[in-house]
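Student: Could you take me through one part of this model at close range, namely the nonpolar core and the charged residues around it? I would like a connected account rather than a list.

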Amino acid sequence: MVMFLFLVVALAVVVAAVTLAVVGGGESGPLPEVTPEQLRDPLPADRPVDRADVEGLRFPVAPRGYRMADVDDALGRLAAELAERDARIADLESALAGARAAAAHVRPAKDEDREEQR
């Protein structure tokens, strides 16, 4: 019986605490309007993005997480730069393969010339 009475009192205290938290402790009226945070340090427009830029990128918090426009802009910029770097790497790898193939054709001809001179 004592345990039941203790549980009823504890439940009453919890309900009272939740009610006070929801009501706001007696302060009435809506919350004041707050200007939304803006992205302070966007990705640089005058140079390529580097690792430090991405590591330092912090999005402001909005009511439902992050502002989608800020995140979409940053992801779009990163995707474009990654695509550009991938294309540049592919071009360089192709040029390297061509140079290696040309060098392979030149070496056997030089080896044949040496054998003929002997």
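Tutor: What follows begins with the chain as a whole and then turns to the core, the salt bridges and the aromatic pair. The model is a predicted one, and the description should be read with that in mind.

The chain contains three helices and two strands, and from the N terminus on these elements follow one another in the order α-α-β-β-α. Of its 118 residues, 8% count as buried, while the accessible surface comes to about 10,600 Å², with carbon and sulfur atoms contributing 63% of that area. Among the contacts in the chain with a separation of 6 or more, 50% are accounted for by residues 24 or more positions apart. Helix H1, which covers residues 2–23, lies largely in the open, because the number of buried residues among its 22 is zero. From its first C-alpha to its last, H1 reaches 32 Å, close to the 32 Å expected at 1.5 Å a residue.

The largest nonpolar core has five residues in all, namely Leu39, Leu43, Val49, Leu57 and Ala74. A convenient place to enter this core is Leu57, which is found in the loop between helix H2 and strand E1. Leu57 has a relative accessibility of 10% and therefore counts as buried, the limit being under 20%. With residues up to four places away in sequence set aside, Leu57 touches Leu39, Asp41, Leu43 and Ala74, and of these Leu39, Leu43 and Ala74 are themselves listed in the core. Leu57 and Leu43 are 14 residues apart along the chain, and their C-alpha atoms are separated by 7.5 Å.

Seen from Leu43, and again not counting residues up to four places away in sequence, the contacts are Val49, Asp53, Leu57, Ala74, Arg77 and Leu78. That list includes the core members Val49, Leu57 and Ala74, but it also includes Asp53 and Arg77, and these two residues lead from the core to the charged groups.

Asp53 is found in helix H2, which spans residues 51–56. With a relative accessibility of 16%, Asp53 counts as buried. Leaving aside its neighbours within four places in sequence, Asp53 is in contact with Leu43, Pro44, Arg47 and Pro48. Also in helix H2, Arg51 and Glu55 are four residues apart and are thus separated by about one helical turn. These two residues form a salt bridge in which the closest N and O atoms are 2.7 Å apart. Arg51 is exposed, at 66% relative accessibility, whereas Glu55, at 44%, counts as partly exposed.

Arg77, the other charged contact of Leu43, forms a salt bridge with Glu81, and here the closest N and O atoms are 2.7 Å apart. Both residues lie in helix H3, which covers residues 68–117, and they are four residues apart, about one turn of the helix. Arg77 is partly exposed, with a relative accessible area of 22%, while Glu81 is buried, with a relative accessible area of 11%. Elsewhere, salt bridges that share partners join Arg47, Asp50 and Asp53 into one network, so the Asp53 described above, which touches Leu43 of the core, also belongs to this network.

The chain has six salt bridges by count, and one of them brings together the side chains of Arg67 and Asp70, at 3.6 Å from N to O. Arg67 is partly exposed, with a relative accessible area of 26%, and Asp70 is buried, with a relative accessible area of 11%.

There remains the matter of the aromatic rings, of which the structure holds one pair. The partners are Phe59 and Tyr66, whose ring centres lie 6.0 Å apart and whose planes meet at 65°, an arrangement that is edge-to-face. The assignment follows because planes over 60 degrees apart count as edge-to-face. Phe59 has a relative accessibility of 23% and counts as partly exposed.

Definitions and conventions. Residues are numbered from 1 along each chain as its sequence is written. This is a predicted model: local features need pLDDT of at least 70, side-chain atom pairs count only at pLDDT 80 or more; totals for chains, interfaces and linings use all residues. Side-chain values use heavy atoms; hydrogens and water are left out. Rings of Phe, Tyr and Trp (its six-membered ring) pair if their centres lie within 6.5 Å; planes under 30 degrees apart count as stacked, over 60 as edge-to-face and the rest as tilted. Buried means under 20% relative accessible area, exposed over 50%, partly exposed in between (1.4 Å probe, protein chains only). Contact means heavy atoms within 4.5 Å. Accessible areas come from the Shrake-Rupley method with a 1.4 Å probe; for residues, only the protein chains shown count as cover. The expected span of a helix is 1.5 Å times one less than its number of residues. A nonpolar core is a set of buried Ala, Val, Leu, Ile, Met, Phe, Trp, Tyr and Cys residues joined through side-chain atoms within 4.5 Å. A salt bridge is a side-chain nitrogen of Lys or Arg within 4 Å of a carboxyl oxygen of Asp or Glu.
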